[in-house]
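Open your viewer, get comfortable, and follow along stop by stop. At each stop you will find something to select and a short account of what is there.

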Amino acid sequence: MGDFIGKYCIVTYGCQMNLHESEKLAGILEGFGYRKTDCENDADIVVFNTCCIRENAEKKAEGNIGALKKLKRDKKNMIIAVGGCMTQQKGYADKLVREFPFIDIVFGTHNLENFAEFLLEKTESKKHVVSVSEKEGAIVEGTPKSRSSFPNGWVNITYGCNNFCTYCIVPYVRGRERSREPEAIIKECEELISAGYKEITLLGQNVNSYGQDLKNVDFAELIKRVSALKGDFRLRFMTNHPKDLNENLVKAIAESDKTTRSIHLPVQAGSDRILKLMNRHYTRAEYLDKIGLLRKYMPDIAITTDIMVGFPTESDEDFCDTMALVKEVGFAGAFTFIYSPRSGTPAAKMSGQITEDVAKDRIMKLIDLQNGINRSQSSGYVGKEIEILCEGFDEKKNKFLGRDTYGRMAYFNGDDLIGKFVNVKITEAGGISLYGELVSVKD
Ligand code: SAH
Ligand code: SF4
Ligand code: F3S
């Protein structure tokens with residue numbers, strides 16, 4: 001860490017990948033001599049790490065950036081930087097500084113590792129520093145990280161995405177898929193384990209296609225290599241793409257004693273017509289086959305998913321197919337979204353956009369259905385004793401929290417438990433979360 005020069009605050013939007021990217025920004029800032037604060041008013045530098053997956057993610061970030069105008073007027077030396085997926089959109093960086101001229105630095109997703117340079121440039125000049133490179137470069141190793149997710153350590157395995165689902169902005173703002181060398185991944189995992197981290201989450205937009213640009217390694221092989229590391233830790237990974245989840249990989253997951261018994265397998269829709277329009281490269285039947293494959297090797301596996309409603313031309317019948325699929329699979333959890341047109345993606349230009357009222361009505365029905373499934377799965381837990389990795393403390397509930405191998409969250413009382421495996425007897429189920437009593441703590 002450098003000598004103290006001020007305080008930083010990072011505001012992150014979007015996915016796990018972005019949260020992890022913020023850990024890199026924090027590492028760079030701490031190297032400079034900044035120390036963390038969670039309060040923007042207290043900060044000498046505020047960095048917004050943005051997301052543009054849906055319109056509301058953008059609106060939220062823009063609202064929060066705009067709200068700093070007054071603070072910046074009172075604190076002239078404060079630095080405001082904006083980076084991430086939002087700024088990487090075509091023409092967006094210029095629009096941003098036009099709309100919010102008080103922003104000091106705008107950077108993109110491809111040059112986050114150079115943030116230190118932008119900061120130096122800014123301290124030497126009064127002008128905005130706007131640096132968004134259009135093309136992704138080679139993977140940069142060795143960026144310092146200040147992790148804030150103990151006992152869970154995030155590890156990038158791929159960057160970018162090649163899938164071009166027709167609704168999705170990610171391939172345009174994160175570039176083509178690049179896989180990290182397995183040696184670099186293993187080294188980072190080893191460092192995390194020796195630092196006491198108890199859960200490793202491998203990150204990529206589609207982890208199942210890991211290694212397609214490398215020699216002699218694929219995701220199944222990577223799972224085997226990480227699982228062979230010594231230590232008491234859990235291995236998770238996200239996100240999986242149904243088209244690339246094959247039997248060899250499912251076997252590798254099942255044979256590992258480190259992987260959790262939960263998997264996130266976004267389905268997006270239950271109608272073949274919509275799946276085709278989305279360019280997902282699988283049919284409803286093929287998705288169900290993948291579920292069958294997972295359950296063949298791991299009968300108890302908990303499967304979670306992402307589902308979108310209101311994709312252009314989605315009819316009542318298409319939506320019924322989605323509802324029926326949700327019932328048939330019995331997901332252990334689902335993130336549900338209303339389709340949001342993203343400029344530059346093929347779906348935004350499709351005719352047959354769905355009205356907001358229809359989409360809202362559909363998502364409510366879907367949420368109701370999934371809530372019912374969550375409740376019935378949770379109630380099955382009552383009276384059982386489960387092993388939980390304690391991940392944190394919930395100030396509001398005044399309880400520790402953590403998840404079991406199926407990803408189910410539980411709350412319990414105790415003392416100094418973060419980063420420990422504990423046994424908890426479940427006494428109450430509330431929606432998706434469980435409540436219980438601490439039985440024992442593993443050494
Ligand atoms: N790479 C991951 C997901 C990344 S985005 C995957 O392929 O599964 C996370 C989720 O956001 C997606 O699964 C999708 O359900 C949702 N999403 C993506 N683009 C969207 C859009 N334009 N409108 C609404 N939801 C969207
Ligand atoms: Fe987007 Fe599809 Fe890539 Fe996921 S796989 S990031 S949904 S384009
Ligand atoms: Fe993630 Fe949002 Fe970018 S979901 S990859 S931060 S657009």
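Which kind of contact do the side chains of Glu 391 and Arg 403 make? Select both and you will find a salt bridge, with 2.9 Å from N to O. Glu 391 sits in strand β15 and Arg 403 in strand β16 (residues 399–403), so the pair ties together parts that are 12 residues apart in sequence. Color the pair by accessibility, too: Glu 391 is buried, and so is Arg 403. Please keep in mind on this tour that you are looking at a predicted model.

**Zoom out: the whole protein**

Now reset the view and show the cartoon. The protein has 13 helices and 19 strands. Its C-alpha atoms fill a box of roughly 60 × 60 × 50 Å along the principal axes. How does the radius of gyration fit a compact globule? For 443 residues, such a globule would have a value near 22 Å, and the protein has 22 Å, which agrees. Of the 443 residues, 54% count as buried.

**More salt bridges**

Side chains of opposite charge can pair when their charged atoms come close. Across the whole structure, a search finds 34 salt bridges. Two further examples are good to select next.

Begin with Arg 147 and Glu 23, a salt bridge whose closest N and O atoms are 4.0 Å apart. This pair links distant parts of the chain, 124 residues apart: Arg 147 is in the loop between β6 (129–131) and β7 (152–156), while Glu 23 is in helix α1 (residues 16–32). Is Glu 23 buried or exposed? Glu 23 has a relative accessible area of 2%, so it is buried.

Then go to Lys 70 and Asp 74, where the closest N and O atoms of the salt bridge are 3.4 Å apart. Because Lys 70 and Asp 74 are four residues apart in helix α3 (residues 69–74), about one helical turn separates them. Here both partners are exposed.

Before you leave the charged residues, return once more to Glu 391 and Arg 403, joined by their salt bridge. For a wider selection, take Glu 23, Glu 141, Lys 145, Arg 147, Arg 180 and Glu 188: salt bridges that share partners join them into one network.

**The ligand shells**

Next, show ligand 2 as sticks. Which residues are around ligand 2? Select Cys 161, Asn 163, Phe 164, Cys 165, Tyr 167, Cys 168, Val 170, Pro 171, Gln 205, His 241 and Arg 280. By class, this shell has seven nonpolar, three polar and one charged residues.

Move on to ligand 3. Around ligand 3 you will find Cys 15, Asn 18, Cys 51, Cys 52, Ile 53, Cys 85, Arg 174 and Gln 205. The shell of ligand 3 has five nonpolar, two polar and one charged residues. Try highlighting Gln 205 in your viewer, as this residue is listed around ligand 2 and also around ligand 3.

**A nonpolar patch on the surface**

Switch to a surface view and select Phe 150, Phe 393 and Ile 418. Together they make a nonpolar surface patch of about 240 Å². Phe 393 lies in strand β15 (residues 385–394), and at 34% relative accessibility this residue counts as partly exposed.

**Backbone details**

Stay with Phe 150 and show the backbone. The peptide bond from Phe 150 to Pro 151 is cis, with omega near 10 degrees. Pro 151 is placed in the loop between β6 and β7. Another cis peptide bond joins Met 238 and Thr 239, with omega of about 0 degrees. Look for Thr 239 in the loop between β11 (234–238) and α9 (247–255).

For the last two stops, turn to phi. Asn 216 is a residue other than glycine with a positive phi, near 60 degrees. You can find Asn 216 in the loop between β10 (199–203) and α8 (219–227), and at 78% relative accessibility it counts as exposed.

Gln 268 is not a glycine either, yet its phi is positive, about 75 degrees. Select Gln 268 in the loop between β12 (262–264) and α10 (272–277). Is Gln 268 buried or exposed? With a relative accessible area of 7%, Gln 268 is buried.

Terms used. Residues numbered from 1 in each chain as written. Chains lettered and ligands numbered in written order. Predicted model: local features only at pLDDT ≥ 70, side-chain atom pairs only at ≥ 80, totals over all residues. Heavy atoms only, no water. Near = heavy atom within 4 Å. Nonpolar A, V, L, I, M, F, W, Y, C, P; charged D, E, K, R; others polar. Patch = residues over 30% accessible without salt bridge, like charges linked within 9 Å, V, L, I, M, F, W, Y side chains within 5 Å. Areas by Shrake-Rupley, 256 points an atom, 1.4 Å probe, with all protein chains shown as cover. Buried < 20%, exposed > 50% of the residue type's maximum accessible area, 1.4 Å probe, protein only. Rg over C-alpha atoms; globule rule 2.2 N^0.38 Å.
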